[in-house]
Amino acid sequence: MRDIRWIATLLAAVVTLLALGASPAHADGAPAGTDIHVSQSLGERELTVVLRRVDVVPGPLRVDVVTHAGSPAGTLTLRLGAGVAAVRLGATPGTYGATLRVDRPGTQELLLDDGSTVASIPFVVPAVVLTTAETLTYYGFAAAGLLLLGALGASLLARRTWPAHVATSGLAAALGVAVTAATLSTPVPAPAPVPRPPVTLLTSSEPAGDGVTLVRLSFTDSASGRPVDDLAVHDAAFVHLLVVTPDRALRHVHPVRTRPGEYEVHLATPQPGHYTLTAEVARSGGGPQLLRSSVGFKVAGSTATTVPDTAQAQGSDTAHARVPVTISGRKAGEPTTIVANFGEADLQPWLGMVGHLIAVGPLPPDAPATAVQDAQVWAHVHAMGPRPDIGAQPPDESVADLGPEVSFTHTFPLPGRYQLWMQVQRNYALITVPVVLDVGAPR
């Protein structure tokens, strides 16, 4: 009976240690596997492609495609390695999905084919890497479990007590190895980021049908001239393309990757005149860059020469008849806070944020729309919203309980008139609110 009590005590210790030592696998200093959200302007569709986390390899990969207001129904063909799946998109905005299979960890490439354009989304399925100490911990607990079963069987069935003592001694030794290894183990450190040279942007455009222009973006390494194919998913997109139209409206789209360093997007361009292009990207291991095209592109036809500020609220605190805006600050070199009230707490996250604000300036009064091409300041500001708990996934676009107030804070470096655009999402539709803001001279 004394042996049985001793073995039961060791069994309780094993269970306790296993409970205390259990933790999620880590890779590169973060939980191994997470959802990946990638916004895509594919043809005439605005989509968010969600690659759900992969916990087991080989194993399933769930791909959800979120459609937005105005996206037509149709079928997308998904390809991953030799696997093929079809996603039938309905006319109602929402989430549509399919399941593919991942056969190995490492770099993968998901292809989306809408029948005219094939978009490529590179992603990584992390492999769980164990240190020597972690390996010893797992093997130690496994050996302890086997020896425990042996000790129990020997103590209950054997006439002699020495088999039980041998198994019990082995159990104690295995537990000692496991506990020591667990105590000495340290997380696998994240690899040091590799410095990356700045990215160079080249653009080209061509007509692609009635009122549509195909814009191509080429990203090259400023040091080597080679194509840049290490763009990271930054704010739920590889590339954020900011397009200012001839009437000074903002288009915020997300070109699709067609091959290494090459992206393209079909833009609706019903108005003749000059279109300004600015791209925001982030290289792997580096921070975001705003890359401005020195030329943009033009759509043939007669155009107005100026854009009246009266259509843009002319510096008042009301940017839109249905969206009151309050502004505090307004001095160069000091924080300025812009708060918009959208009426109801039913906003959805867009690009991982509650809201986005684009600011361009300073601009001369009654300046032509082309003046934004040469503006000294371009800024992209976020309204972050509530942060999720540690280890939890941030809310996706199916959540509609944000707002009604959306706040942005930015320090404008120069005095003058700025064109602002605030963007939020409601009912899977993007709302863009323009504001003209006069920033005073520093104190």
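Three worked exercises on a predicted model follow. Local features need pLDDT of at least 70, side-chain atom pairs count only at pLDDT 80 or more, and totals for chains, interfaces and linings use all residues. Residues are numbered from 1 along each chain as its sequence is written, and side-chain values use heavy atoms, without hydrogens and water.

**Exercise 1. State the secondary structure content and the buried share.**

Step 1. Take helices (H or I, at least four residues) and strands (E, at least two) as DSSP runs, numbered from the N terminus. The protein has 3 helices and 27 strands.

Step 2. Buried means under 20% relative accessible area (1.4 Å probe, protein chains only). Of the 443 residues, 43% are buried.

**Exercise 2. Describe the nonpolar cores.**

Step 1. A nonpolar core joins buried Ala, Val, Leu, Ile, Met, Phe, Trp, Tyr and Cys residues through side-chain atoms within 4.5 Å.

Step 2. The largest core holds 47 residues. Leu110, Leu112, Phe219 and Val239 touch the most other members.

Step 3. Another core lies apart from it, with 27 residues. Val323, Phe342, Leu420 and Met422 are among them.

**Exercise 3. Trace the open sheet that contains S26.**

Step 1. Strands pair if DSSP finds at least two bridges between them. The order of the 4 strands is S24-S23-S26-S27, with antiparallel pairing.

Step 2. Strand S24 (377–383) and strand S27 (429–439) are the edges; each pairs on one side only. The twist averages 20° from one strand to the next, with angles taken between N-to-C directions, from 0 to 180 degrees, of lines fitted to C-alpha atoms.

Step 3. S26 (residues 416–426) pairs with S27 over 11 bridges, in the antiparallel sense. Glutamine 423 stands opposite threonine 432 in S27.

Terms used. Buried means under 20% relative accessible area, exposed over 50%, partly exposed in between (1.4 Å probe, protein chains only).
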